[in-house]
Amino acid sequence: MENKNPLSPHIQIYKWHISSLVSISHRITGIINIIAITLVCIWASFLILGDTNYSFINLFLNSFLGKFIAIGLAWSFSFQILSEIRHLIMDMGYGFELQTTRITGLVVIFGSVLLTILTYLIGKNFI
Amino acid sequence: MVQINLPENSQVKKGKYFKDKTGSTNLRKVNVYRWDPSTGENPRIDTYEVDMDNCPSKVLDILNKIKNEIDPTVAYRRSCAHGVCGSCAMNMGGKNGLACTTSHSEIDGDIDIYPLPHLKVKRDLIGDLDGLYKQYQSIEPWLKNNTKSKTAEIFQSKEDRAKLDGAYECIMCACCSTSCPSYWWNGDKYLGPAVLLQAYRWIIDSRDDERKARLKKVADELKLYRCHTILNCTSACPKGLNPAKAIAEIKKMLATANV
């Protein structure tokens, strides 16, 4: 017989903490990055078709929306890299103490912002 | 399957409001999840004003006070009242824990009390843990030893015994498993932190002869590898254990072919 009793509330009521936030962001940025890489590949293959396509995308990336997307992707890649390193350390069996997970989680969050700023500055001044 | 919203019959409605009758100035609002199986209505949140001047320090004391003095119809499990039996596991202030060891002073604002998340509710704060117990049974949580002698003692060195620390203390209160989003979405297949911690406890027991078979049994995409180190389990455990680390150790044993 099917159990018709109600389901108790779950994600609606459960409190977020640093590790769960980093974990869900890791998944979201992972999906964003896959889409981004696909788009970059399509962009690269467009170049074969001629320079009008290039200038169109160049124009787009220099617009406000384009810049926003570019910086956003710099953040999502930074986040993914740092979070992946955190996961690799955990896969080796280290860093499971509650205090440590909090610290490494914060390092990932603030580190990703720092890396994004760094990427932006390097891109603006040296390339 | 990931289901963010609650089904139609589980949507929580606003319930009754119990105004304070003691005239106390030190009041706290306590919101309690209620569901009565006999009415066929949706679950509701009842709000109680509780006089904190005459209430001991734990959340369970508040519930007892409500049941004894305000509304005797509230149903919840409780037994030992000092964090040993695991009966009063519930969700308080958005976090799972034992009502008898959680101080209400840890919770800011109104005190929200729900049953353990993502379970079929039997009544009020009582969730149905049958699925979890079946999974616990599936890992065969007993010693399997091939020695013929039925009377000889099986020796264990102090070092080997120390490996069980942090695993044998588990009281199976289900705070960890029901805090785990992976267990919410895949609870029918994923074993969940509580059961995996117990699986680990028997895998590393030096007296057990079925280590390989036990490892082979949990080495499954859904049973084990649905753990994505969200760490809700470790932060929820009222006994301060670390199920996430135990799961990582099982994964490590399998990855290093140390079977």
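## The six-stranded sheet of chain B

Asn91(B) stands opposite Tyr114(B) of strand β6(B), and this pair belongs to the contact between β4(B) and β6(B), which run antiparallel to each other over two bridges. The model is a predicted one, and the description below follows the strands outward from this point.

On one side, β4(B), residues 89–92, is joined by four bridges to the antiparallel strand β5(B), residues 95–98, with Met92(B) having Lys95(B) as its bridge partner. These two strands form a hairpin with two residues between them, and in the turn Gly93(B) has a positive phi of about 60 degrees.

On the other side, β6(B), residues 111–114, pairs in the parallel sense with β2(B), residues 27–34, over three bridges, where Asp112(B) is the bridge partner of Asn31(B). Strand β2(B) also pairs with β3(B), residues 44–51, in the antiparallel sense over eight bridges, and there Val30(B) stands opposite Tyr48(B).

| Strand pair | Sense | Bridges |
|---|---|---|
| β2(B) and β3(B) | antiparallel | eight bridges |
| β4(B) and β5(B) | antiparallel | four bridges |
| β2(B) and β6(B) | parallel | three bridges |
| β4(B) and β6(B) | antiparallel | two bridges |

Taken as a whole, the strands form an open sheet of six with mixed pairing, in the order β1-β3-β2-β6-β4-β5 of chain B. Its edge strands are β1(B), residues 13–18, and β5(B), each of which pairs on one side only, and the twist from one strand to the next averages 30 degrees.

Helix α1(B), residues 59–70, lies across β1, β2, β3, β4 and β6 of chain B, and runs at about 95 degrees to β3(B).

Key:
Residues are numbered from 1 along each chain as its sequence is written. Chains are lettered from A and ligands numbered from 1 in the order in which they are written. This is a predicted model: local features need pLDDT of at least 70, side-chain atom pairs count only at pLDDT 80 or more; totals for chains, interfaces and linings use all residues. Two strands pair if DSSP finds at least two bridges between them. Axes are lines fitted to C-alpha atoms, for helices over the stretch in contact, and angles run from 0 to 180 degrees between N-to-C directions. Two residues are in contact if their C-beta atoms, placed from the backbone, lie within 7 Å.
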